[in-house]
Amino acid sequence: MTEEFINDILEVCNKHELLPINYIRNFKIKKRYEELVSSGLHCKDVREKIADEFCIGIKLVEYIIYDLGNKGS
């Protein structure tokens, strides 16, 4: 599956209120993080850039990309 297809599916699910809105945001943040890190940027710079792009705090970016909400799994 391509990233665009997955993103489209998530958008449709969001439109029909099948998923929480933060699920889509978190998906986009994780994909953006992978994209920027693979381009050679330093991880700290990437976290700061994503925080600015999504208007959220750096701690929330870390929480999302390191999947800190799923500690038990």
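A polar contact is a pair of N or O atoms within 3.5 Å; within protein, one atom has to be able to donate a hydrogen and the other to accept it, and residues adjacent in sequence count only if both atoms are side-chain atoms. Keep that handy for the exercises below, and bear in mind that this is a predicted model.

**Exercise 1. Get your bearings: work out how many helices and strands the chain has, and what pattern they follow.**

Step 1. Count the elements: there are four helices and zero strands.

Step 2. Walk along the sequence, and you read off α-α-α-α.

Step 3. Now look at the overall dimensions. The C-alpha trace spans about 35 × 30 × 25 Å along its principal axes.

Step 4. Finish with burial: of the 73 residues in the chain, 23% are buried.

**Exercise 2. Describe how helices H3 and H4 cross, and say which residues meet there.**

Step 1. Find H3 at residues 43-54 and H4 at residues 58-65. Their axes come within 9 Å and cross at roughly 110°.

Step 2. Put a word to that angle. Angles of 65 to 115 degrees count as roughly perpendicular, so H3 and H4 are roughly perpendicular to each other.

Step 3. List who meets whom. H3 brings Arg47, Glu48, Ile50 and Ala51, while H4 brings Ile58, Val61, Glu62 and Ile65.

Step 4. Sort these residues by type: five are nonpolar, none is polar and three are charged.

**Exercise 3. Is Arg47 buried or exposed, and which side chains does its own side chain join in polar contacts?**

Step 1. Place the residue: Arg47 sits in helix H3.

Step 2. Check its accessibility. Buried means under 20% relative accessible area, and Arg47 has 15%, so it counts as buried.

Step 3. Look for polar partners. One is the side chain of Glu62, at 3.3 Å. Another is the side chain of Tyr66, at 3.1 Å.

Step 4. Widen the view to contacts in general, skipping neighbours within four places in sequence. Arg47 then touches Tyr33, Ile58, Val61, Glu62, Ile65 and Tyr66.

Step 5. Switch to the partner, Glu62, which belongs to helix H4. Glu62 has a relative accessible area of 18%, so this residue is buried too. With the same neighbours left aside, the contacts of Glu62 are Arg47, Asp67 and Leu68.

**Exercise 4. Find the residues that make up the largest nonpolar core, and say which helices supply at least two of them.**

Step 1. Pick out the ten members: Ile29, Tyr33, Leu36, Val46, Ile50, Ala51, Ile56, Val61, Ile64 and Ile65.

Step 2. Trace them back to their helices. H2 (21-38), H3 and H4 each supply at least two residues.

Step 3. Zoom in on one member. Not counting residues up to four places away in sequence, Ile29 touches Ile50, Phe54, Ile56, Ile64 and Ile65.

Step 4. Compare with a general trend: in soluble globular proteins, nonpolar side chains tend to be buried together.

**Exercise 5. Locate Glu17 and Cys55, and decide whether each one is buried or exposed.**

Step 1. Start with Glu17, in the loop between helix H1 (3-15) and H2. Its phi is positive, about 55°, although Glu17 is not a glycine.

Step 2. Exposed means over 50% relative accessible area. Glu17 has 72%, so it counts as exposed.

Step 3. Move on to Cys55, in the loop between H3 and H4. Cys55 is not a glycine either, yet it has a positive phi of about 55°.

Step 4. Apply the cut-off again: with a relative accessible area of 71%, Cys55 is exposed.

Notes:
Residues numbered from 1 in each chain as written. Predicted model: local features only at pLDDT ≥ 70, side-chain atom pairs only at ≥ 80, totals over all residues. Heavy atoms only, no water. Axes fitted to C-alpha atoms, helices over the stretch in contact; angles between N-to-C directions. Parallel < 35°, antiparallel > 145°, perpendicular 65-115°, else oblique. Contact = heavy atoms within 4.5 Å. Nonpolar A, V, L, I, M, F, W, Y, C, P; charged D, E, K, R; others polar. Buried < 20%, exposed > 50% of the residue type's maximum accessible area, 1.4 Å probe, protein only. Core = buried A, V, L, I, M, F, W, Y, C linked by side-chain atoms within 4.5 Å.
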